[in-house]
Structure formats: C-alpha cells, structure tokens
Amino acid sequence: MKKILTAVLVLALFAPMLLVVGVGVVANPASSQQGMCTPVDLNVGPIPDELVSETANGEPVRLGRTQLEHAGSIITGGSRIEGINREAIIIALMAALTESTLRQLANTGAYPESQDYDNDGNGSDHDSLGLFQMRPQSGWGTVEELMDVSYQVEAFFGGPTGPNYPSPRGLLDIPGWEDMERGEVAQAVEVSAHPDRYANWEPVALDIIDTLVTEEPGGDGPPPDPDVPETSRLVFPLPEGTYVRTSGFGWRIHPVTGERRIHAGVDYAAPDGTPLFAIADGVVVSAGMVGGSSGEITIEHTIDGERIATRYIHMWEHGIHVATGDRVEAGDHIGDVGSSGQSTGPHLHLEVRPGGADGAPIDPEPWLASHDLEDGEAPTDPGPGGMCA
C-alpha cells in the first residue's frame, strides 16, 4: 500500500509536466545514449538455439537458447514498462551480460535455499543472485523474489511502479540517464567495483536485440525510413574557418560532471548560431530535445553500401531545423551550433555510428579522414533560428 500511495503521489505531482513532454517530444525509437523515454512495443520472434557475437575487446561470445530466452524476457518485460524504450533495453542487456552472461544464478554459499528455485547454475559473488546479480542485503528483494526473472527485470528498470521505488535505484530512477553513456547507466544501477566492464558488452547486446526483435518499436512519431539511398557526396558539417577542434574520441574527465567516461564523439567549438550541415544524403531518424535539455539530430545514411548514422548534439531548441522523417541532402542546413545540455560553451559534438542509430560509436576523425569530404559552405539562406541569443 505504501508503494502504491507513493506512486500515486509522484504521478499527481508530475502529471502536468508529463503531459507537456508527451506533446512536445519527438519519438526516437533508435536513439542511443541520448535516447528519449518513449514507450515501445518490441515483439520477440522465434528464439534461436544459439547466437555467436563478439565483445568490444574482440572476445568471442556464444550464447545458448536459455540465455537468449532470458534476453527475450528482458526485452518483453521492459517494453511493458512506461518510460522504457529500446535504448533502456539495450542497457539492461549489457548489464545482464556483464553480471551473469544472461544466466539466472543461484548462490548456495550465501543462500542455500536459492538452489530450490529454477536456476542456470551457481554463482559466488558476495550474496548476489540472478541475472543482474542483485543483493538481498542491499534491499533489492528477498531470495524468492530475486530468483524470479520477471521480478529482476522490473527491479532493474525501476521507476515509480518498480518493486523497490525509490531505493535501490533502477534505471528510471537515475536522473538524466538519457544523456549518459550506456555503460555509465548500467554502472549507476549496478554500482559495481568495476565500472568500465559494461561498455565491453555493448556490441553483444546490440546483436541480441537485432536478432530477437521482429519489429521496430512504435511511438507517436514517424519511424525511420528503411529506404536510405546511397549518398552521392559528403560534406564537412561546419563552414570552413569557423571551428576549432577541442576534444577527441575516447576516455576523458567530463568537463561538467568531473567523471571519467567515454567521449563518444569529437567536439568542434564554433560561435553560437554557426550553421550545421548534413554530412551526407539521408533520413532524419530523430530530432529534438533529449531529456528536455540537449538538442540533438540523428541522420541515417547509406555510404559505400553501409548504413551509417551521424549524430549532431548541443543545439538549442530553436536551432533545430529538421524533423524526424525528413529527407536531407549532403550540405543541407539542419541546425545551428548551440550549448544545450551538458556543455561548457557553444560547440558541435559529432558522432559516427556504423550500423545505424543503434550502432556503437566509433572515432569520427579517422572515418572522416578516410572519405573525400567537401568543405562545408554556409547557405545563402540561413533558415529559421539564425544566431542564438
């Protein structure tokens, strides 16, 4: 009853805000770290007997049918929770892969009775149990509850309707999780002594969701157009002479949070309002304010026969000049440089993701250098928005 009253109070306090967000946010089913919290309906198809994949470190991974069935439970269970989107489910898969390689583990050393429940083997990490290695002593639940896969899924995602609200925190209880790297979100929920492990499993999580899900997520906005024509030219996203490179791809100390984290792109400082150009012909798969604070555009292209997504981050809301579903050509003015979200000054944060918007980011600079890019040229008509205030 206490949890129900708490959930009702939270909904009453935030219902007006949620209504505004529901009207103004563009659905983004394929967003990555910065994905919007849009409810999804992901249909899990036939479960294969095995899936062969590879971690980011190049380690081969072979998952069996039982492990993939647990992955299907995470996908199906998460898709039923308000506020959970495809992005959140990818993070949950990364966490379960890291903690248990998608096995529902008993722990007879800490809880002998755990072997009496359905399990895929015995673990020995403190008093941890199950897919996400949750600990009864940390308040995640009883042994009986944590030996239930469905309960662990609900606990990991959390939120006002989660079984442990407000503590321990699930994914929906992490402030600004949409603006964080995938591995960071998993760590914020799991609170592991080894926070850097989760990112290594990202490629495997992506392979799982691509293999098991038979339909793209729904939502109120138009879905990404699957017919993305081969681009005819590539253009640098900023006008020549307007920018200075300020930060590259890779691990760094975040200038706002002070945390050590992966920088998933490259930063180019430029004056507020400098026009941004589409790197190549493509389809806009998301455009809007992510998490209510960070202006972002993601475009999918076909380049040299491969699906590639480019992401442009930190625009002001009035500096976004395209909408989800728009077709653009290389050099089109899609937005203006801004400083929204976690930013210390006006700049473009540029990401490149092979495989599309759900793909893992790569270092944009070698990729850009390997292509014959034209210098960006400012259009004669700057479009709406102009210089930001």
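In this predicted model, strands β10 (residues 294-303) and β11 (residues 306-315) run antiparallel and are joined by nine bridges. Within this pair, T302 has R307 of β11 as its bridge partner. Both strands belong to an open sheet of seven strands. The strand order is β4-β7-β14-β11-β10-β9-β12, and the pairing is antiparallel. Strand β11 thus sits between β14 and β10 in the order, and β10 sits between β11 and β9. The edges are formed by β4 (244-247) and β12 (327-328). Each of these two edge strands pairs on one side only. In general, strands of a sheet pair through backbone hydrogen bonds, in either a parallel or an antiparallel manner.

Helix α2 (residues 65-79) takes part in two helix-helix contacts, one with α5 and one with α7. The axes of α2 and α5 (residues 149-157) come within 10 Å and cross at roughly 55 degrees. An angle of 65 to 115 degrees would count as roughly perpendicular and one under 35 degrees as roughly parallel; α2 and α5 are therefore oblique to each other. The crossing of α2 past α5 is right-handed. On the α2 side, the contact involves H70, S73, I74, G77 and G78. These residues meet V149, V153 and F157 of α5. By class, four residues of this contact are nonpolar and four are polar. None is charged.

The second contact pairs α2 with helix α7 (residues 202-212). Here the axes come within 11 Å and cross at roughly 80 degrees. The range for roughly perpendicular is 65 to 115 degrees, and α2 and α7 therefore fall into that class. From α2, the residues L68, A71, G72 and I75 meet I208, I209 and L212 of α7. Six residues of the contact are nonpolar and one is polar. Charged residues are again absent, as in the contact with α5.

Several backbone features lie in loops. Most residues other than glycine have a negative phi, and most peptide bonds are trans. Two exceptions to the trans form occur in the loop between α5 and α6 (182-190), at P166 and at P168. The peptide bond joining Y165 and P166 is cis, with omega at about 5 degrees. The bond from S167 to P168 is also cis, with omega near 0 degrees. Q133 is not a glycine, yet its phi is positive, at about 50 degrees. This residue lies in the loop between α3 (86-100) and α4 (143-146).

Confidence varies along the protein chain. The mean pLDDT is 82, and 81% of the residues score at least 70. Strand β8 (residues 275-277) has the highest confidence, at 97. Helix α1 (residues 2-24) has the lowest, at a mean of 39. Over residues 1-39, pLDDT stays under 50. For that stretch the model has 74 contacts beyond four places in sequence. Residues 215-225 also have a pLDDT below 50. There the model shows 22 contacts beyond near neighbours in sequence.

How values were computed
Residues numbered from 1 in each chain as written. Predicted model: local features only at pLDDT ≥ 70, side-chain atom pairs only at ≥ 80, totals over all residues. Heavy atoms only, no water. pLDDT = per-residue confidence, 0-100. Helix = DSSP H or I, 4+ residues; strand = E, 2+ residues; numbered from the N terminus. Contact = heavy atoms within 4.5 Å. Pairing = 2+ DSSP bridges. Axes fitted to C-alpha atoms, helices over the stretch in contact; angles between N-to-C directions. Parallel < 35°, antiparallel > 145°, perpendicular 65-115°, else oblique. Left-handed = near helix turned anticlockwise from the far one by under 90°. Nonpolar A, V, L, I, M, F, W, Y, C, P; charged D, E, K, R; others polar.
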